[in-house]
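Thank you all for making time this morning. I would like to walk through one chain with you, beginning with a sheet and working outward from there.

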Amino acid sequence: MKSSISYISKNGPFKSGICGQFHTMSCQLQKESGSSDTNPLAHKDYFNVRELYSVKSLFDAGVHLGHKRGVWNPLMKPYLYGDRHDTLIFDLNETDRHLQLALNITSHIAYRNGVILFVCCRPQFQHLVQKTARECQEYFIIQRWRGGILTNANKLLPVARLPDLIIFLSVPYNMDAIRECAQANIPSIGIVDSDCNPNLITYPVGGNDDSLSSMELYCRLFSTAIMNAKTKRQQDQDSNSTKSQDVQVSDASIPVENDRATARNG
């Protein structure tokens, strides 16, 4: 279903709420949810995102291929390994490290029932991004970004919830959205190619953003991470509910035993 803003899709418009940095949001949501036997923040890889891919799968998808040296951005130097035949090559170990962090962030926000927005205004990948967002039941914007969506959200909709995380799958085509995201202090993940500026992205991931194979890999990883986190959340809720019921039954049986002992003594 389309919301009142035609290019934001899910089952309705953004809901009311507050956005912020990931750590602050996670701590607040954890505090609001009360004590729990399960604390995902205490685990390094609670959602096993390390098992979703390998460095070889990144290589097979062409993630390591950058642009020609003549169009590179010097700010991308830390993400690059070198060049071959005048084509820049990404350091896949660095890509792996940043991608694992990005998937962990995404999983934790999905686990806490946060709002995740996919943004890609690049025509050849619009259908792929739309399909990905719908698969994991999140939001997407695939048309031209309208200024003020984030900074003037309350004027566009009477009750508006800003996203807790925005995933940019093609940075050069979404610079207006990225600047507004940074201005609104919303955490962001971005696939940054060798010609990009990674400074405005909270969690940049260096890699090829031009080939269909690499974009399909990114979409599959983020979609799987989100769905796994939501499944894990439901499992933990069911487990905690079962434990709570067992405690209540145990507490209820204590007076019965005491009554029986009193009757025997009498």
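Before I point at any strand, let me fix one term: two strands count as paired here if DSSP finds at least two bridges between them. Please also keep in mind throughout that what you have in front of you is a predicted model.

With that term in hand, look at strand S4, residues 116-119, where Val 119 stands opposite Ile 141 in S5. The two strands, S4 and S5, the latter covering residues 139-141, run parallel and are joined by three bridges. S4 also pairs with S6, again in the parallel sense, over four bridges, and within that pairing Phe 118 has Ile 167 of S6 as its bridge partner. Are the faces of S4 covered or not? Both of them are covered, since Ile 116 and Phe 118 on one side are buried, as are Leu 117 and Val 119 on the other.

That brings me to the nonpolar core, and here a general remark may help: in soluble globular proteins, nonpolar side chains tend to be buried together. The largest core in this model has 42 residues, and the members that touch the most others are Leu 103, Ile 116, Phe 118, Ile 167, Leu 169, Ile 189 and Phe 222. Several elements supply at least two residues each, among them H3, S4, helix H4 at 126-135, S6 and strand S7 at 188-192, while helix H7 gives the most, with nine residues. If you centre your view on Leu 169 and leave aside residues up to four places away in sequence, you will find that it touches ten-odd neighbours I need not read out in full, including Phe 118, Val 119, Val 129, Ile 191, Met 215 and Phe 222. There is also a second, separate core of 29 residues, which includes Trp 145, Leu 150, Ala 153 and Leu 162.Let me turn to helix H3, which takes in residues 92-111 and reaches 28 Å from its first C-alpha to its last, close to the 28 Å expected for its 20 residues. Why do I call H3 largely enclosed by the rest of the structure? Because 15 of its 20 residues are buried. At the N-terminal end of H3, Asp 91 acts as the cap, with a side-chain oxygen lying 3.0 Å from the backbone nitrogen of Asn 93, and just after the helix Asn 113 takes a positive phi of about 65 degrees.

Helix H4 can be described along similar lines: its buried residues are Gln 126, Leu 128, Val 129, Gln 130, Thr 132 and Ala 133, and the helix is followed by Gln 137, whose phi is positive, near 60 degrees.

A polar detail deserves a moment as well. Arg 161 sits in the loop between helix H5 and S6, and with a relative accessible area of 18% it falls under the 20% limit and is therefore buried. Its side chain is joined to that of Asp 164 by a polar contact of 2.6 Å.

Finally, please find the open sheet of three strands, whose order is S1-S3-S2, with antiparallel pairing. S1 and S2 stand at the edges with a single partner strand each, so one side of each is left without a neighbour in the sheet. The twist averages 30 degrees from one strand to the next. Between S1 and S3 there are two bridges, and Leu 65 has Ile 89 of S3 as its bridge partner.

Conventions
Residues numbered from 1 in each chain as written. Predicted model: local features only at pLDDT ≥ 70, side-chain atom pairs only at ≥ 80, totals over all residues. Heavy atoms only, no water. Expected span 1.5 Å × (residues − 1). Buried < 20%, exposed > 50% of the residue type's maximum accessible area, 1.4 Å probe, protein only. Polar contact = N/O pair within 3.5 Å; in protein donor to acceptor, adjacent residues only side chain to side chain. Core = buried A, V, L, I, M, F, W, Y, C linked by side-chain atoms within 4.5 Å. Contact = heavy atoms within 4.5 Å. Axes fitted to C-alpha atoms, helices over the stretch in contact; angles between N-to-C directions.
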